[in-house]
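Please look over the sequence and the fold before reading on. The paragraphs below then walk through a few selected places in turn.

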Amino acid sequence: MTTPTLMPYDEALARFEPVLGIETHIELGTASKMFCGCPTAFGAEPNTQVCPVCLGLPGSLPVTNHAAIEGIIKIGLALDCTIVEWCRFARKNYFYPDMPKDYQISQYDEPLCVDGHLDVEVDGETYRVEIERVHMEEDTGKSLHVGGATGRIQGADHSLVDYNRAGIPLVEIVTKPITATGDRAPLVARAYATELRELVRSLGVSDVRMEEGSMRCDVNVSLMPRGASEWGTRTETKNVNSLRSVERAVRSEIERQAGVLDAGGRIVQETRHFHEDTGRTTSGRSKEEAQDYRYFPEPDLVPMAPSREWVEELRASLPELPAARRARIQREWGLSDMELRDVVNAGAVGLIEATIAAGADAPSARKWWMNELSRHATERSVELADLPVTPEQVARVQAMVTAGELNDKLARQVFQGVLAGEGAPDDVVAARGLKIVSDEGELASVVDQVIADNADAADKVRGGKVAAAGALVGAVMKATRGQADAGRARELILEKLGAS
Ligand SMILES: [Zn+2]
């Protein structure tokens with residue numbers, strides 16, 4: 001097969017309009033599986049969290065996990081969906097080694113939550129992503145292909161199957177076609193995945209860790225020539241496992257499909273795989289012939305009929321959602337749109353909130369996290385939240401600054417000490433001797449010494465050249481290793497030289 005020529009992104013967008021669709025799978029963080037009592041802990045020894053129900057052994061019967069249904073209804077409500085009054089589970093029949101039952105319990109034509117939306121923002125513009133459905137299903141197990149170079153089945157010696165994941169509650173969120181995004185399509189896709197992750201995280205129903213697979217995105221892309229009214233054939237790029245990859249996968253598919261269409265080819269309806277290393281997708285399974293999953297209503301489970309009272313109780317229990325929270329902090333902290341975006345992108349909202357809760361004022365809390373501590377995080381290539389410093393410690397340092405015990409320069413040294421593992425801020429201050437020299441007598445004697453050592457500058461000040469005092473203040477700061485209150489030192493100098 002020849003590799004089609006990619007069309008440069010700008011040219012592709014000038015000629016084609018992309019249409020997106022995103023299907024997201026989210027593993028709920030329930031203590032037990034969807035239809036049995038097996039634990040769900042990540043990273044356990046293979047096949048230690050299994051039982052006859054999730055292995056599909058004859059005679060076993062599933063029972064619906066109430067906490068999982070509560071979790072999906074919360075997600076549905078947060079996405080402004082309608083929660084249906086009655087629906088059923090369905091059997092999706094297909095054979096795959098990681099699915100011991102040979103069928104997956106899912107929902108087909110009767111999803112639990114329908115017709116929602118999620119607003120996302122890109123470059124100051126809001127895009128409404130319509131949600132088609134949110135349904136409940138169970139996860140499959142995991143195949144491990146051993147002995148090959150890539151971890152894929154090609155070239156492997158043998159394969160192992162781990163059923164620990166089989167039966168973990170899985171919520172699938174399907175968007176309606178996302179249109180009219182133009183050249184921002186990759187950014188809108190990323191913003192949607194980001195916002196959805198924040199939303200679900202705020203509900204506390206999943207840890208939504210893309211790197212551990214508890215949130216996985218499949219991205220559909222099709223192109224239509226500008227001015228056309230009929231959508232093109234779409235491809236589905238599977239299991240894109242980071243926010244950045246969502247953006248790259250969309251971009252890459254746009255360039256590839258435009259290249260194929262430009263060369264007179266046609267887009268094959270298929271699943272594709274995204275490769276982190278090349279940033280490109282490759283062909284997977286063809287979907288030209290619709291697979292027949294022989295869905296039928298799951299005979300072993302009763303229908304779901306969540307009472308309206310329960311749904312309203314859950315609606316009332318929803319926490320403040322990310323968009324409302326952002327609007328609130330922007331107001332309370334007095335941030336511009338740009339400042340808010342920086343704080344959000346730095347992952348600093350919660351840290352700043354906790355620092356304020358620990359007693360700091362908003363501008364100071366924001367300043368430390370966004371400047372000094374962000375710089376350290378960048379140097380260490382870690383997230384802000386992973387720095388070894390707590391919001392309480394930041395608030396403590398700021399309290400010392402406010403009390404005049406530290407200036408900003410000394411405070412930065414305190415943070416260096418805390419980050420280097422030298423202990424809490426008070427320990428670092430004590431061990432490094434970082435307090436401002438606030439003892440009047442001590443400061444006065446330093447000033448006297450500096451005046452004696454710098455007779456020329458002192459004479460100029462005496463003669464009325466107040467500007468010359470700057471050099472003397474500098475000398476005082478040097479003599480105290482930066483630990484004097486510069487303002488007070490200046491006052492003393494002018495006083496002693498009769499220039500105040
Ligand atoms: Zn089980």
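What follows moves from one buried loop residue to two helix contacts and a piece of sheet.

The model is predicted, and its local features need pLDDT of at least 70, side-chain atom pairs count only at pLDDT 80 or more, while totals for chains, interfaces and linings use all residues. Residues are numbered from 1 along each chain as its sequence is written. Helices (H or I, at least four residues) and strands (E, at least two) are DSSP runs, numbered from the N terminus.

A convenient starting point is Leu 28, which sits in the loop between strand S1 (16-27) and H2. Leu 28 counts as buried because 27 other C-beta atoms lie within 10 Å, where buried stands for 20 or more such atoms, exposed for 12 or fewer and partly exposed for values in between, with C-beta atoms placed from the backbone. Leaving aside residues up to four places away in sequence, Leu 28 touches Ala 68, Gly 71, Pro 169, Val 171, Val 205 and Ser 206, contact being taken as C-beta atoms, placed from the backbone, within 7 Å.

From this loop the reader can turn to helix H2 (residues 66-78), whose axis comes within 10 Å of that of helix H3 (residues 185-203), the two crossing at roughly 130°. Such axes are lines fitted to C-alpha atoms, for helices over the stretch in contact, and angles run from 0 to 180 degrees between N-to-C directions. That angle makes H2 oblique to H3, since angles under 35 degrees count as roughly parallel, over 145 as roughly antiparallel, 65 to 115 as roughly perpendicular and the rest as oblique. Lys 74, Ile 75 and Ala 78 of H2 make the contact with Leu 199, Val 200 and Leu 203 of H3.

Another helix contact involves H15 (residues 469-479) and H16 (residues 486-496), with axes that come within 9 Å and cross at roughly 125°, and these helices are therefore oblique to each other. On the H15 side the residues are Ala 469, Leu 472, Val 473, Val 476 and Met 477, and they meet Ala 486, Ala 489, Arg 490, Ile 493 and Leu 494 in H16.

The sheet can be followed through strand S3 (residues 90-93), which pairs with strand S4 (residues 103-106) in the antiparallel sense over four bridges; pairing requires that DSSP finds at least two bridges between the strands. Strand S3 is also joined by two bridges to strand S14 (residues 296-297), again running antiparallel. Ala 90 has Ser 106 as its bridge partner in S4 and Pro 297 as its bridge partner in S14.

Conventions:
Two residues are in contact if their C-beta atoms, placed from the backbone, lie within 7 Å.
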